[in-house]
Amino acid sequence: PNPQRKATSVAKTASPKRFVFLLLERFTMLSFAGAIEPLRIANRVAGEEIYRWVLAGEGEFVTCSNGAAFKLDIGLEDIERDDVVLVCGGLDVQKAATKGVLNWLRREARRGVTIGGLCTGAYALAKAGILEGRSFTLHWENLRSFAELFPKLSPVWQVYCIDDRIVTCAGGVAAADLVLS
């Protein structure tokens, strides 16, 4: 043991907090990894499972922007109200935000689930109509095209943004900043 290492305490929870990662086709790996790794590390530091996660989406597999394929754990089914949904966006998000995805996001938002967008995931949230009157952000490369598609919405220029039950980040390692906060 390192005598200079400070002890870390983590609050015990009755049951693990579950994150549902909605992986859109061609999602960005860096944002996904940035969001999931702090959860894994927190479990390790705590010595118990305080966070758990599932991969959700349409179909059985989804491919990220670097070509890696991921097997999904669940489809677009009802989830628990205490879950946190993080929409992992990436390339061609307009195409990946299908009618099924948008309907699922609307339904879960109406049920009171906390919903977030990583990278371009805010596009799907906007298309689903759940960003109106909210503060949010998305990847800086997409701000101009987003403004053309959604002229009534105004993303903020921030690394991440938390507005009640809507959480968003600009992508890349910003996802780690969002999850850590």
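Two residues are in contact here when they have heavy atoms within 4.5 Å, and in this predicted model valine 85 touches, not counting residues up to four places away in sequence, Val20, Leu22, Ile79, Trp104, Leu105, Val113, Thr114, Ile115 and Gly116. Val85 and Leu105 are also the residues that touch the most other members of the largest nonpolar core, which has 34 residues.

**Nonpolar cores**

- At least two residues of the core that holds Val85 and Leu105 come from each of β1, β2 (51-56), β5, α2, α3, α4 and α5 (143-149).
- Apart from this core lies another, of 24 residues, and among them are Phe32, Val62, Leu72 and Cys88.

**Helix α3**

- The twelve residues of helix α3 (residues 99-110) should span 16 Å at 1.5 Å a residue, and the 17 Å between its end C-alpha atoms agrees with that expectation.
- Val101, Leu102, Trp104, Leu105, Glu108 and Ala109 are the buried residues of α3, and because they fall within an arc of 160° when seen down the helix axis, they line one face of the helix.
- The general background is that an α-helix has 3.6 residues a turn, so residues three or four places apart point the same way.
- Lys99 and Arg110, by contrast, are exposed on the other side of α3.

**Surroundings of α3**

- The buried residues of α3 pack against the strands β1 (17-23), β5 (84-88) and β6 (114-118), and also against the helices α2 (93-96) and α4 (121-127).
- Glycine 112, which follows α3, has a positive phi, near 95°.

Conventions
Residues numbered from 1 in each chain as written. Predicted model: local features only at pLDDT ≥ 70, side-chain atom pairs only at ≥ 80, totals over all residues. Heavy atoms only, no water. Helix = DSSP H or I, 4+ residues; strand = E, 2+ residues; numbered from the N terminus. Expected span 1.5 Å × (residues − 1). Buried < 20%, exposed > 50% of the residue type's maximum accessible area, 1.4 Å probe, protein only. Arc of directions from axis to C-beta. Core = buried A, V, L, I, M, F, W, Y, C linked by side-chain atoms within 4.5 Å.
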